[in-house]
Amino acid sequence: MATKVSLTKTFLIKCFQACICSADDYFVSAGVYTFDRARLKDAHLYSQDKAGEFCQNLSNLIIIDNTNVKRWEMAPYFKTASQHRYTVILVEPKTPWKFAVDELAVRNTHGVDESVIRARATDWQVVQPHYYGWFLNPADSSLLLDLGRSWLEKCLANKEFYENFSQFSNRYNLKSMLHFYSREMMGKG
């Protein structure tokens with residue numbers, strides 16, 4: 001719940017091509033934020049639909065900028081990511097006050113009542129990640145493999161490198177050597 005806005009801003013600075021999905025955007029009209037609790041479900045459906053569109057457009061990084069505190073709130077995003085072969089990385093604030101209701105009430109920018117913040121903090125469910133680290137979507141992964149293959153081809157133009165790599169890889173022609181570092185070969189061990 002804490003510093004959600006600053007985390008999003010940090011990602012945008014580091015990866016300016018990121019796409020953002022936020023239920024808050026549903027409540028913005030002509031640059032003015034007007035929250036309507038009765039339309040909250042529609043706002044989250046809007047955010048989920050937007051995430052699906054970004055996935056279909058093969059966006060490199062999609063940020064879900066919502067305060068999801070329960071697993072079921074995150075589930076639609078996990079399902080969409082899985083359907084489009086994206087890897088989900090959960091980012092949680094590391095501030096010492098992330099569950100300090102008084103501090104959160106002071107810092108919130110939408111005028112959320114302290115009782116609502118207290119209830120959300122109480123409802124918090126830990127979601128254990130399946131992986132730790134950064135992962136690339138399939139398009140970026142292919143791009144990286146192609147770039148590596150291109151550099152390998154340039155290195156193989158050097159006779160000494162070619163001979164050493166041939167012995168190392170146990171491959172004896174250029175085409176075979178260029179596919180030594182492929183998805184198929186990476187799975188063998």
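**Entry 1: R107 and its partner**

I began with R107, which is partly exposed at a relative accessible area of 45%. My cut-offs: buried means under 20% relative accessible area, exposed means over 50%, and partly exposed is what lies in between, with a 1.4 Å probe and protein chains only. The areas themselves come from the Shrake-Rupley method with a 1.4 Å probe, and for residues only the protein chains shown count as cover.

A note to self on the source: this is a predicted model, so local features need pLDDT of at least 70 and side-chain atom pairs count only at pLDDT 80 or more, while totals for chains, interfaces and linings use all residues. Residues are numbered from 1 along each chain as its sequence is written, and side-chain values use heavy atoms, with hydrogens and water left out.

Which side chain does R107 meet in a salt bridge? I found E103, at 2.5 Å from N to O. By salt bridge I mean a side-chain nitrogen of Lys or Arg within 4 Å of a carboxyl oxygen of Asp or Glu. E103 is partly exposed too, with a relative accessible area of 30%. Both residues lie in helix α4, 4 residues apart, or about one turn of the helix. For helices I take DSSP runs of H or I with at least four residues, for strands runs of E with at least two, all numbered from the N terminus. An α-helix has 3.6 residues a turn, so residues three or four places apart point the same way.

**Entry 2: other salt bridges**

How many salt bridges are there by this rule? The count comes to 6. I looked up two others by name.

R149 and D146 pair at 3.2 Å, N to O, and both sit in helix α6, 3 residues apart, about one turn of the helix. R149 is partly exposed at 21% relative accessible area, and D146 is partly exposed at 43%.

E73 and R120 meet at 2.7 Å, N to O. E73 belongs to helix α3 and R120 to helix α5, so this pair ties together parts that are 47 residues apart in sequence. Is E73 buried or exposed? I have E73 as buried, at 13% relative accessible area, whereas R120 is partly exposed at 22%.

**Entry 3: α3 and the largest core**

Staying with helix α3 (residues 71–83), I stopped at T80. T80 is buried, with a relative accessible area of 15%. Leaving aside neighbours within four places in sequence, T80 is in contact (heavy atoms within 4.5 Å) with A51, G52 and C55.

Two of those contacts, A51 and C55, took me to the largest nonpolar core, whose 9 residues are C19, C21, A51, F54, C55, I62, Y77, A81 and Y86. A nonpolar core here is a set of buried Ala, Val, Leu, Ile, Met, Phe, Trp, Tyr and Cys residues joined through side-chain atoms within 4.5 Å. At least two core residues come from each of β1 (19–21), α2 (40–56) and α3. Helix α2 gives the most, with 3 residues.

What does F54 touch, not counting residues up to four places away in sequence? My list for F54 reads C19, I20, C21, S59, I62 and Y86. There is also a second, separate core of 6 residues, and I noted L156, F165, M177 and F180 among them.

**Entry 4: the two sides of α7**

F165 led me to helix α7 (residues 159–169), where the buried residues are F165, S166 and S169. They cover an arc of only 105 degrees around the axis, taken from the directions from the helix axis to the C-beta atoms, which puts them on the same side of α7. On the other side, K159, E160, Q167 and F168 are exposed. Helices α6 and α8 are included in what covers the buried residues.

Next I checked S176 in α8 (residues 174–178), which is partly exposed at 23% relative accessibility. S176 and S166 are 10 residues apart in sequence and 9.7 Å apart in space, C-alpha to C-alpha.

**Entry 5: a patch on the surface**

Back on α6 (residues 138–156), I picked out W151, which is exposed at 51% relative accessible area. Together with L144 and L147, W151 makes a nonpolar surface patch of about 350 Å². Patch residues have over 30% relative accessible area and no salt bridge; like charges are joined within 9 Å, and nonpolar side chains (Val, Leu, Ile, Met, Phe, Trp, Tyr) within 5 Å.
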